[in-house]
Number of protein chains: 4
Amino acid sequence: MDKELFFELFSQTRVYDLEQPRSSGAPLLPLLVPGFTYTLHRRHEEGTGDPRTAASGFIATTEHAGTHIDALCHVAEDLCLYGGEKVTFRIQTPTGFTRLGAETIAPLLSRGVPLDIAGYRGVDWITADQPISRQDLETVCLHQNVTLHEGDVALVRTGNGTRWHDPSGYLSSGGVRADASQWLADQHVRAVGADHISWDTDGRVDPDLGTSLPGHIILLVRHGIYIMENLFLEDLARDQIYEFLFVCLPLKIQGATGSPIRPVAIVPQQKSKNV
Amino acid sequence: MDKELFFELFSQTRVYDLEQPRSSGAPLLPLLVPGFTYTLHRRHEEGTGDPRTAASGFIATTEHAGTHIDALCHVAEDLCLYGGEKVTFRIQTPTGFTRLGAETIAPLLSRGVPLDIAGYRGVDWITADQPISRQDLETVCLHQNVTLHEGDVALVRTGNGTRWHDPSGYLSSGGVRADASQWLADQHVRAVGADHISWDTDGRVDPDLGTSLPGHIILLVRHGIYIMENLFLEDLARDQIYEFLFVCLPLKIQGATGSPIRPVAIVPQQKSKNV
Amino acid sequence: MDKELFFELFSQTRVYDLEQPRSSGAPLLPLLVPGFTYTLHRRHEEGTGDPRTAASGFIATTEHAGTHIDALCHVAEDLCLYGGEKVTFRIQTPTGFTRLGAETIAPLLSRGVPLDIAGYRGVDWITADQPISRQDLETVCLHQNVTLHEGDVALVRTGNGTRWHDPSGYLSSGGVRADASQWLADQHVRAVGADHISWDTDGRVDPDLGTSLPGHIILLVRHGIYIMENLFLEDLARDQIYEFLFVCLPLKIQGATGSPIRPVAIVPQQKSKNV
Amino acid sequence: MDKELFFELFSQTRVYDLEQPRSSGAPLLPLLVPGFTYTLHRRHEEGTGDPRTAASGFIATTEHAGTHIDALCHVAEDLCLYGGEKVTFRIQTPTGFTRLGAETIAPLLSRGVPLDIAGYRGVDWITADQPISRQDLETVCLHQNVTLHEGDVALVRTGNGTRWHDPSGYLSSGGVRADASQWLADQHVRAVGADHISWDTDGRVDPDLGTSLPGHIILLVRHGIYIMENLFLEDLARDQIYEFLFVCLPLKIQGATGSPIRPVAIVPQQKSKNV
């Protein structure tokens, strides 16, 4: 490839930021309290005699607060992780997992496909009594004229992203049904994501799998497909972007069950230039 | 731009991971103790009656542990931040800054230029008594046949990256002198980085600025240029990569003085294809 | 003193526990979020081959969550601490105070006098519009037939202790007015305490001092009298105990602005024995 | 009992503080990293317009850092706790234990008996190759002319307390052998303590119990006797105090496996007065 061309192409892209602002008080599953906190203890202050001062603080956060990705060790089915290995004290330790932790997630640079379910339904957001089905996904693919390929990243829009500052509203919204998670797995996507607290609709027990949050078993444990939660998909929807280069660089936190992330969608400019 | 071409180009790239593994016990400035910790408290366990189990934990970290980027609020000169605004209690709060915090750092997608000083000098790593000078940078640019452009990201290799598992060795190594920081600022780069704990050589007071860590004042405060520390540059050096697409997506941690990062270098494949 | 007598006397006492249970979700001033958290990451688990297993976790807490004592460095008036010393960067550091921190609080073993204001008023709890006045304290002393002596510990009962599990109710209750704090200071007590989130009624600005929480200035800064908050005084009130040996052993947390505590009231048994 | 007498007796006592100063950098078992940290983020600062300012911070600590008491849930033998109950997910949860947590430890007000083994041996401290045996305890009891009674608190002095500021020295010292722990259990003491990081000599596997730290099984699991670690016993030894009122008020941290403590020894004054 011609290097000049490569850099030239990049100067013609637009970047969409898919991370919600990261702060205390954001929507959080009760299990994950206290979520995220930042406190500043080193300060710029007078009188030290040094013209330079440095400020710094501490971040305390569960890896599942805010916009984040689930590592494969996050969920087990019948105490087995993705790949079938049984969870033992050698794999699950007080300071994290020795298999399938966040540090094993390679940088994600893939074709990204957003599926705007709320937009297609014409609703502000998906409600818990009308979660997203396989039929929804297939219909929206047709409507948007996109096909999912192996290795793609599929981002499902519930419309919930506008409610980040309304935690109780945000937490109450509907997510993705088990049949829809299974259909995405069947497309061999590499990762999925949503503007939703937990991908699956919280609190619903799936009759087939006999568990709540069935998509977590289907995607993480059975297929090794990463799940991203609390994405911000509003700008993509507004601009009707249906395909992009998805970039997500999870922190290599050794043994963690996930990582905070700031994913972006890189979109070739519309006013296309002859190459 | 042709979308097909855009995705095709991307399938022909190689990704270099520039983050050191993130774990407890990594090299750390004493001021930043205890640095980084991850503990796992939600566990996969038997007997719950639910086939699905979820594990999760807590990350406790200063924003300056491991591979990270400094936000502009991190450093002040005579109590003023970049842009000249005076630090007051409205700007510097117990829970972070209301100006120039990590959330104001846009995604970095720029041309990246590594400057392999250790390689050019033929040493394993830069020692504290021979820190990197402006002359070093200019010589290496010539040697590598690269020119820094406005908006580029310059990554300076001290060779220290191999010593991540040897904290005392890592902490003792030499960094970048004030004249070199000033020269980089003069090239109007957008960000700089190094495989070093603090960019500047720790503990040296610069005679002109009358402060330790002078590069932090020159770059962050006087020019608004971000500094990245504890990068892993060994693979780039080994493969003699001298130009790439640099991608870094700092977390939008409201008010924080920096963010942990996982930067990558995206390199068009050598075996170029006709386009 | 006769040692035998000393231990015999102690075998005839009753101990009242004045600490509220310490857990996440307890009443908390919004400024102090996230308050208290305990997470368990080292676990008893199978398969290690060692018959002995050990479990342990982490406590993350502000020193002002739950039942606690304020150190003298907690509050300043016009940037001066108790004793008049100006707060500078040498006294107030990122890791705590070098003067008047929690480690300077000697064990408190003093005569304790509870003043049951809610009981005397015949109300369940003191409301914010009827805070406790100097008159209340004097009247209750007469009614209980007690006199405060120099060095005593005065514990003011608002009745709020029954609402520990109702944070919004607990936070809304009334506290102690400035004139009452001043009167207690005039009695030269060593410490005061209440079953209240902040001693003073939260949110009320005192017209004379021109500040909210005036008792904190009067007691901590002007008189060096410790304040204890979130005490549990219900059992003492039920049993109409009006005098006891108060014991409180604050942790010597270097530089902290307070300490969690478990104070007790030791009461000689009523059915007195001839000595 | 005569109240006047009770308070008069107390005015004739001397209080010995048995807590080591609580700060970062104190001796710590590697398993418990990062131990204890205090950071101050709310500050006294200029310009707020309010004469009153309040400072506060966060304590992050394992319950086993510094001077502390082990709750009975801290240790299990063959996955059973004291009393024989099996550890299950209902008893051991992500946020602590539902049985035998620190909140179940009643205030300790008991006769205390220090056993000065280092003093009797005439050594500065007990070394790891000469741990404290049952024979040592019995000999010292005779030498000090004290007898342990049921319900007493026995405090074993290794002499280590002077090395609190020398973590590597402190960690290397010898502790109490299994036979000595068993003998103390046979005396039906309520609690034991030492000026030692882990009561037992760290790293030694007991041949009979087939485990390291056998005293933790004997005392906590088999007999329900609390263990206190990192006590400061030097002042008691210097003054040759052999009996006192021991007071320790563990925080009621729900579900925690222990609590930081500040125990004191209350000693009737020697210059006895006629009562």
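Two exercises on backbone geometry follow, each with a worked solution.

The structure is a predicted model, in which local features need pLDDT of at least 70, side-chain atom pairs count only at pLDDT 80 or more, and totals for chains, interfaces and linings use all residues. Residues are numbered from 1 along each chain as its sequence is written, chains are lettered from A and ligands numbered from 1 in the order in which they are written, and side-chain values use heavy atoms, with hydrogens and water left out.

**Exercise 1.** Determine the state of the peptide bond from Val33(C) to Pro34(C) and that of the bond from Val33(D) to Pro34(D), and place both prolines.

Step 1. Most peptide bonds are trans.
Step 2. In chain C, the bond from Val33(C) to Pro34(C) is cis, its omega being near 5°.
Step 3. In chain D, the bond from Val33(D) to Pro34(D) is likewise cis, with omega near 5°.
Step 4. Pro34(C) lies in the loop between strand 1 (13-17) and strand 2 (36-42) of chain C, and Pro34(D) in the loop between strand 1 (13-17) and strand 2 (36-42) of chain D; strands (E, at least two residues) and helices (H or I, at least four) are DSSP runs, numbered from the N terminus.

**Exercise 2.** Characterise phi, location and accessibility for Leu213(A) and for Asn145(D).

Step 1. Most residues other than glycine have a negative phi.
Step 2. Leu213(A), which is not a glycine, has a positive phi near 45°, and it sits in the loop between strand 13 (211-212) and helix 6 (214-223) of chain A.
Step 3. Asn145(D), also not a glycine, has a positive phi of about 60°, and its place is the loop between helix 3 (134-144) and strand 10 (153-157) of chain D.
Step 4. Buried means under 20% relative accessible area and exposed over 50%, with partly exposed in between (1.4 Å probe, protein chains only); Leu213(A) therefore counts as buried at 11%, whereas Asn145(D) is exposed at 70%.
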